[in-house]
Amino acid sequence: MTSDLSARTPAGARYPDDLRHRLVEELRAARRRTQALTDAVDDAELTRQHSPLMSPLHWDVAHIANMEDLWLVRRATPGDEPSPGVREDLDHLYDAFTNPRAGRPALPLLDPAEARDYGATVRERALAILEQAGPDGRALLDDGFVYGMIAQHEQQHVETMLATHQLRAGPRALHAPEPPASSRARKLVGTEVLHPGGVFTMGTDATGPDIYALDNERPAHRVEVEPFHLDAVPVTNGEYARFVDDGGYTRRELWSEAGWAHITGEGWSAPMTWEHLDGAWHRTSFGERQAIADVADQPALHVCFHEALAYATWAGKRLPTEVEWEYAARYDPTTGETRRFPWGDDAPTPERANLDQRHLQPAPVGAYPAGASPLGVHQLVGDVWEWCDSGFSGYPGFAPFPYEEYSEVFFGGDFRMLRGSSFGVGTVNARTTFRNWDLPIRRQIFSGFRCARDA
């Protein structure tokens, strides 16, 4: 997002203009998406809980404001003592750790108009503080980390709100242009790329352009990787339909014990939103029904870890580990260098990756040749989150920052990792070091996968 400016911006000075303007634009970009998702529906839709897995949309609006109130209004000022907040009385209502999603509608929440007003007031105060802010010797403010953190936080909730839109019933409320077509899809589907073994730098020390990397992405450390094969593209709807039609959801031998117990208990027979109508599979995407045959070359979407693992078993493969995924996304075996992105060190652009809900669906595989890795692996950034067969833990030397609840409290649970970003991820969050995690039963997220196998 910006270069490492702390060394040339002394404590007590204001942030340089280019850094300050960049931070303002990241905050505004996130807010534009929040407003677009909430303005698309009426107040009744904003206050309705469309699924017990998700919050009402107006809870997210006020939670975003409360986090910004907490970190940018109260703590983004020099000194050890927090400044007064806009609405400190709301902290207990919008604490995500003490209020599970299923119970949030029962809380005495702000109504939609109040939530929007709260967000606007906090943002006005935060931007006024940013105009005078600068490094003060604390990691929270040096290089504007806290502003980058809050922009990322809002973008993460925007993606969550987008998933809520996917779960809501009724006519389509969101619209976007179609993703780019792909003339390469048929050649790429089912192909693999051999990755030679090697040693690469995993994670980041959060300097330079990655200064706003979150605590679980740190520190950078060297990892040795054995040779492996990785699918050149994510598994597509067409491929997944063949698994379903081959009895994939009825064959016990394909599933782990936990996976089989869950799908039989839930009665699943296909991915979320899929229906078999008039002899063919269809999906519903943001209120619009589409034939799977018409989106056969798009990455499969809304599958949980258990479903991805069962498909990989059916295909005679496995899921990649988190280490293998990042190695494929960052390592250039020709030069021996670890890069920021599959295509190099430059930031994502619309020609390289499907991000920012630009198209409201994954693009056909092979649609972004400019985003491919040196070995020819496509769409490692954007389109769908990709399940990895790894649990969630801290890297060697991990230290929680700026609060333990972001990562550390989740270490060691039954979580599985997701890497790569989806079409709903904001560009400010789209790093190949970014680590997402969720329970293996979750599929309301924009999740897909690709397969791997030993060399």
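## A tour of cavities, rings and unusual bonds

Welcome! By the rule used here, three cavities of 30 Å³ or more turn up in this structure. Keep in mind as you look around that this is a predicted model.

**Stop 1: colour by confidence.** Begin with a view of the whole chain coloured by pLDDT. The chain has a mean pLDDT of 95, with 97% of its residues at 70 or more. Now select residues 1-8, where the pLDDT is below 50. In the model this stretch has 23 contacts beyond near neighbours in sequence.

**Stop 2: the largest cavity.** Select Gln166, Asn237, Met272, Thr273, Trp274, Arg283, Thr284, Ser285, Leu301, His302 and Gln361, and you will have the lining of the largest cavity on screen. The space enclosed there is about 70 Å³. Which strand gives the largest share of this lining? That is strand β6, residues 280-285, with three residues. Try colouring your selection by class: seven of the lining residues are polar, three are nonpolar and one is charged.

**Stop 3: the second largest cavity.** Next, pick Asp210, Arg330, Arg340, Phe341, Arg431, Thr432 and Thr433, which line the second largest cavity. Its volume is about 40 Å³. Keep the class colours on here too: this lining has four charged residues, two polar and one nonpolar.

**Stop 4: aromatic rings.** The structure holds 33 aromatic pairs. For one of them, show Phe97 and Phe410 as sticks: they form a tilted pair, with 6.3 Å from centre to centre and 45° between the planes. Why does this pair tie together parts that are 313 residues apart in sequence? Phe97 lies in the loop between α3 (57-73) and α4 (112-132), while Phe410 lies in the loop between β10 (385-388) and β11 (416-419), so the pair brings together two parts with that separation.

Switch on a surface and look at both rings again. Phe97 counts as partly exposed, with 46% relative accessibility, and Phe410 is also partly exposed, at 22%.

Now add Phe415 to the selection. Phe410 pairs with Phe415 as well, edge-to-face, at 5.7 Å centre to centre and with 80° between the planes. Is Phe415 buried or exposed? Phe415 is buried, with a relative accessible area of 16%.

To see the wider group, select Trp71, Phe97, Phe392, Phe398, Tyr403, Tyr406, Phe410, Phe411, Phe415 and Trp437; ring pairs link these residues into a cluster.

**Stop 5: cis peptide bonds.** Zoom in on Arg218 and Pro219, which are joined by a cis peptide bond with omega about -10°. Pro219 sits in the loop between β2 (198-202) and β3 (221-225). Then move to Phe401 and Pro402, where another cis peptide bond has omega of about -5°. You will find Pro402 in the loop between β10 and β11, the loop that also holds Phe410 from the previous stop.

**Stop 6: positive phi angles.** Go to Asp143, in the loop between α4 and α5 (145-167). Asp143 is not a glycine, yet it has a positive phi of about 65°. With a relative accessible area of 5%, Asp143 is buried.

Finish at Ala206, back in the loop between β2 and β3. Ala206 is not a glycine either, and its phi is positive, at about 60°. Ala206 counts as buried, at 6% relative accessibility.

Conventions:
Residues are numbered from 1 along each chain as its sequence is written. This is a predicted model: local features need pLDDT of at least 70, side-chain atom pairs count only at pLDDT 80 or more; totals for chains, interfaces and linings use all residues. Side-chain values use heavy atoms; hydrogens and water are left out. pLDDT is the predictor's confidence in each residue, from 0 to 100. Contact means heavy atoms within 4.5 Å. On a 1 Å grid over the protein atoms alone, a cavity is a set of points where a 1.4 Å probe fits but cannot get out, and a pocket is an open set with protein on both sides within 12 Å along at least five of seven lines; lining residues have an atom within 4 Å of a point. Grid points are joined across faces, edges and corners, and a volume is the space filled by probe spheres set on the points. Helices (H or I, at least four residues) and strands (E, at least two) are DSSP runs, numbered from the N terminus. Ala, Val, Leu, Ile, Met, Phe, Trp, Tyr, Cys and Pro count as nonpolar, Asp, Glu, Lys and Arg as charged, and the others, Gly among them, as polar. Rings of Phe, Tyr and Trp (its six-membered ring) pair if their centres lie within 6.5 Å; planes under 30 degrees apart count as stacked, over 60 as edge-to-face and the rest as tilted. Buried means under 20% relative accessible area, exposed over 50%, partly exposed in between (1.4 Å probe, protein chains only).
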